[in-house]
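Please read through the structure shown here with one aim in mind, which is to follow a few residues and elements from their local surroundings to the whole chain.

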Amino acid sequence: PGLWPSSFGGELAKVFWPIQPEMSDTFQWDLLPLRERDIQLAAEDHGLRPGDFLTEVASAGAYSFAASPLSLKLLFQIRFSEAKLPTTHVEMFRKGCVHLAEEHNSRRRDSTIRPRVTAQRRLLIARRIAAMSVFCGKSRISRPAAEVTPQDDTVLDASSVRGSLTKEDVSQAELQETLDCGLFTFQDEATVRWAHGAFAAFLAAEWSEKLGLSLRDLSRLVTGISGNETGVPDQVRSAAAWICELYPALQKDMLRHSPLLLLSLDGNAIDAS
């Protein structure tokens with residue numbers, strides 16, 4: 001994951017097509033998510049029983065982490081240090097998002113040129129981006145250094161993330177460092193996207209938790225009225241499920257509006273009453 005500098009494409013073209021140094025049409029490919037068989041092979045390489053490991057992954061709700069080499073490495077680290085994966089989805093995602101917010105490139109980690117932004121600071125900024133992405137329907141985020149911001153309703157402008165005109169509390173360097181971490185992946189020269197939609201949904205729910213919203217405000221945040229019926233729009237459905245796990249008291253309200261939503265919750269987080 002991370003950003004692919006546009007200049008790097010030109011440098012690669014010079015290496016692979018030295019006879020045509022002016023060649024500008026280079027191809028950029030995204031790696032597909034790891035398959036179940038890939039995860040099984042990796043588990044075998046780490047001395048684990050593949051079937052048992054996949055069962056733990058399912059129990060922890062960690063498929064979105066197992067699908068990426070970087071976060072799959074985290075699952076193995078947790079498995080060996082704690083003898084098992086987390087037993088709740090919330091615990092798994094909290095550990096996983098911290099891991100993805102850390103700097104894993106040793107050169108960049110040791111650099112004295114780049115700003116040193118802690119993982120916790122990156123998470124704070126990522127939560128804001130997640131809330132704006134999920135609740136405002138923005139699937140991509142413009143890069144701070146992009147020459148032109150795409151005029152597209154699905155793109156979140158980097159300047160909006162940094163704060164208002166009267167109170168900018170996130171610097172451009174901090175925002176760039178956050179968008180460079182494993183929570184995001186390169187989309188094109190002007191934008192990035194979330195590495196997985198599950199990260200955005202969870203962090204948006206955490207944003208609401210950190211903000212200390214009341215149950216009434218939370219209900220208004222994730223429900224909408226269509227005709228004479230109140231329900232949870234598809235756009236915020238995943239975030240609403242996470243909020244219900246973080247705020248069990250909200251589940252009673254969801255039971256009236258969207259009872260099927262509760263079926264997607266971690267069994268350990270459901271209020272049985």
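In this predicted model, the side chain of Thr223 reaches the backbone oxygen of Ser219 at a distance of 2.5 Å. Thr223 itself is found in the loop between α12 (215-222) and β5 (224-226). Is Thr223 buried or exposed? Its relative accessibility is 18%, and because buried means under 20% relative accessible area, Thr223 counts as buried. If residues up to four places away in sequence are left aside, Thr223 touches Thr230, Gly231, Val232, Pro233, Met254 and His257.

A second residue whose side chain meets a backbone oxygen is Arg79, which lies in helix α5 (residues 69-82). A polar atom of the Arg79 side chain lies 2.9 Å from the backbone oxygen of Ala83. Not counting residues up to four places away in sequence, Arg79 touches Leu48, Glu56, Lys84 and Leu85. One of these, Glu56, is 23 residues away from Arg79 along the chain, and the C-alpha atoms of Arg79 and Glu56 are separated by 9.5 Å.

The next topic is the aromatic rings. A search of the whole structure finds nine aromatic pairs, and two of them, which share Phe93, are set out in the table.

| Ring pair | Centre to centre | Angle between planes | Arrangement |
|---|---|---|---|
| Phe65 and Phe93 | 4.8 Å | 65 degrees | edge-to-face |
| Phe93 and Phe202 | 5.5 Å | 50 degrees | tilted |

Phe65 lies in helix α4 (residues 63-66) and Phe93 in helix α6 (residues 89-101), so this pair ties together parts that are 28 residues apart in sequence. Both Phe65 and Phe93 are buried. The pair of Phe93 and Phe202 joins helix α6 to helix α11 (residues 197-211), and it therefore ties together parts that are 109 residues apart in sequence. Phe93 is buried with a relative accessible area of 3%, while Phe202 is buried with a relative accessible area of 0%. Ring pairs also link Phe65, Phe93, Phe199, Phe202 and Trp242 into a cluster.

We can now turn to the strands. What is the order of the strands in the open sheet of four strands? The order is β2-β1-β4-β3, and the pairing in this sheet is mixed. Because β2 (155-156) and β3 stand at the edges, each with a single partner strand, one side of each is left without a neighbour in the sheet.

The pairings can be followed across the sheet one at a time. β1 and β2 pair in the parallel sense over two bridges, and in β2 the bridge partner of Ile141 is Leu156. Strand β1 (residues 140-142) is joined by three bridges to strand β4 (residues 191-194), and these two strands run antiparallel. Here Arg140 has Arg193 in β4 as its bridge partner. Three bridges also join strand β3 (residues 184-186) to β4, again in an antiparallel arrangement, and Thr185 stands opposite Arg193 in β4. The connection from β3 to β4 is a hairpin through four residues.

The interior of the protein can be described through its nonpolar core. The largest nonpolar core has 69 residues, and those with the most contacts inside it are Phe53, Leu75, Ile129, Leu183 and Trp194. Which helix gives the most to this core? Helix α8 (residues 119-135) does, with nine residues. Trp194 touches, among others, Ala126, Ile129, Ala130 and Ser133, and its contacts also include Ile141, Leu183, Phe184, Thr185, Phe199, Ala200 and Leu203, where residues up to four places away in sequence are not counted.

Finally, some values describe the chain as a whole. The protein chain holds 14 helices and six strands. Of its 273 residues, 42% count as buried. Among the contacts in the protein chain with a separation of 6 or more, residues 24 or more positions apart account for 61%. The accessible surface of the protein chain comes to about 15,600 Å², and 53% of this surface belongs to carbon and sulfur atoms.

How values were computed
Residues are numbered from 1 along each chain as its sequence is written. This is a predicted model: local features need pLDDT of at least 70, side-chain atom pairs count only at pLDDT 80 or more; totals for chains, interfaces and linings use all residues. Side-chain values use heavy atoms; hydrogens and water are left out. Buried means under 20% relative accessible area, exposed over 50%, partly exposed in between (1.4 Å probe, protein chains only). A polar contact is a pair of N or O atoms within 3.5 Å; within protein, one must be able to donate a hydrogen and the other to accept it, and residues adjacent in sequence count only if both atoms are side-chain atoms. Contact means heavy atoms within 4.5 Å. Rings of Phe, Tyr and Trp (its six-membered ring) pair if their centres lie within 6.5 Å; planes under 30 degrees apart count as stacked, over 60 as edge-to-face and the rest as tilted. Accessible areas come from the Shrake-Rupley method with a 1.4 Å probe; for residues, only the protein chains shown count as cover. Two strands pair if DSSP finds at least two bridges between them. A nonpolar core is a set of buried Ala, Val, Leu, Ile, Met, Phe, Trp, Tyr and Cys residues joined through side-chain atoms within 4.5 Å.
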